Amino acid sequence: LKKKEEAADFLWSAIEEYVPNARERAVPGTVQIGTPLTHERFLRRTSGAYGPRVEAGKQQLPGHTTPLDGLLLCGDFTFPGIG
């Protein structure tokens with residue numbers, strides 16, 4: 001829990017460089033701090049990752065179509081990815 005609190009403090013500090021007093025301005029009950037381990041456990045994300053690593057200009061994410069009629073792909077592993 002201590003590491004998660006330290007990570008949260010780091011993130012809040014970065015946000016507060018642009019949004020003064022962001023912690024105090026957050027709506028109570030809406031802030032949830034998660035780590036890659038949290039994402040792996042509760043969201044079933046391998047190693048807590050989101051989408052594959054793709055180098056810009058060198059690789060491209062797969063599209064949405066498949067060889068099976070009516071079966072389409074979706075999610076962060078397809079174009080345009082997590083962005």
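L71 is placed in the segment that follows helix α3, whose residues are 36–43. The model examined here is a predicted one, and this residue offers a starting point for a path through it. L71 is partly exposed, its relative accessible area being 42%. Leaving aside residues up to four places away in sequence, L71 touches H64, T65 and T66. With respect to A8, the C-alpha of L71 stands 40 Å away in space, and the two residues are 63 positions apart in sequence.

From this residue the view may widen to the whole chain. The secondary structure comes to three helices and zero strands, and the order of elements from the N terminus is α-α-α. The radius of gyration is 18 Å, whereas the globule rule gives 12 Å for 83 residues; the computed value is well over that figure, so the protein is more spread out than a compact globule. Along the principal axes, the C-alpha trace spans about 50 × 30 × 25 Å.

Several further totals describe the chain as a whole. Of the 83 residues, 13% are buried, a class that requires a relative accessible area under 20%. Among contacts with a separation of 6 or more, 22% are accounted for by residues 24 or more positions apart. The exposed area of the protein is about 7,400 Å², and carbon and sulfur atoms supply 58% of that area. As for charge, there are 10 positive and 10 negative charges, and the mean positions of the two sets lie 5 Å apart.

The charged side chains also pair with one another. A search of the whole structure finds three salt bridges. One of them joins E6 to K2, with the closest N and O atoms 3.9 Å apart; the criterion is a distance within 4 Å, so this pair qualifies. Both residues belong to helix α1, which covers residues 2–16, and they are four residues apart, about one turn of the helix. Their accessibilities fall in separate classes: E6 is partly exposed at a relative accessible area of 46%, while K2 is exposed at 62%. The class boundary that applies here is 50%, since exposed means over that value.

A second salt bridge connects D9 with R23, the closest N and O atoms being 2.6 Å apart. Here D9 lies in helix α1 and R23 in helix α2, which comprises residues 22–25, so the pair ties together parts that are 14 residues apart in sequence. D9 is partly exposed, with a relative accessible area of 39%, and R23 also counts as partly exposed, at 31% relative accessibility.

R23 takes part in a further salt bridge, this time with E16, where the closest N and O atoms are 3.2 Å apart. E16 is partly exposed, at a relative accessible area of 23%. Through shared partners, the salt bridges join D9, E16 and R23 into one network.

Between helices α1 and α2 runs a loop that contains N21. What is noteworthy about the backbone of N21 is its phi, which is near 55°, a positive value in a residue other than glycine. Most residues other than glycine have a negative phi. N21 is partly exposed, with a relative accessible area of 49%.

The loop between α2 and α3 holds T35. The relative accessible area of T35 is 21%, and this residue is partly exposed; the limit for burial is under 20%, so T35 does not count as buried. In sequence T35 and A7 are 28 residues apart, yet their C-alpha atoms are separated by 8.5 Å.

A comparable pairing of sequence and space can be followed from helix α1, where L11 is found. L11 and I33 are 22 residues apart in sequence, and their C-alpha atoms are 9.6 Å apart in space. L11 itself is partly exposed, having a relative accessible area of 46%.

Conventions:
Residues are numbered from 1 along each chain as its sequence is written. This is a predicted model: local features need pLDDT of at least 70, side-chain atom pairs count only at pLDDT 80 or more; totals for chains, interfaces and linings use all residues. Side-chain values use heavy atoms; hydrogens and water are left out. Helices (H or I, at least four residues) and strands (E, at least two) are DSSP runs, numbered from the N terminus. Buried means under 20% relative accessible area, exposed over 50%, partly exposed in between (1.4 Å probe, protein chains only). The radius of gyration is taken over C-alpha atoms; the globule rule is 2.2 Å times the number of residues to the power 0.38. Contact means heavy atoms within 4.5 Å. Accessible areas come from the Shrake-Rupley method with a 1.4 Å probe; for residues, only the protein chains shown count as cover. Lys and Arg count as positive and Asp and Glu as negative; His and the chain ends are not counted. The place of a charge is taken as NZ of Lys, CZ of Arg, CG of Asp or CD of Glu.
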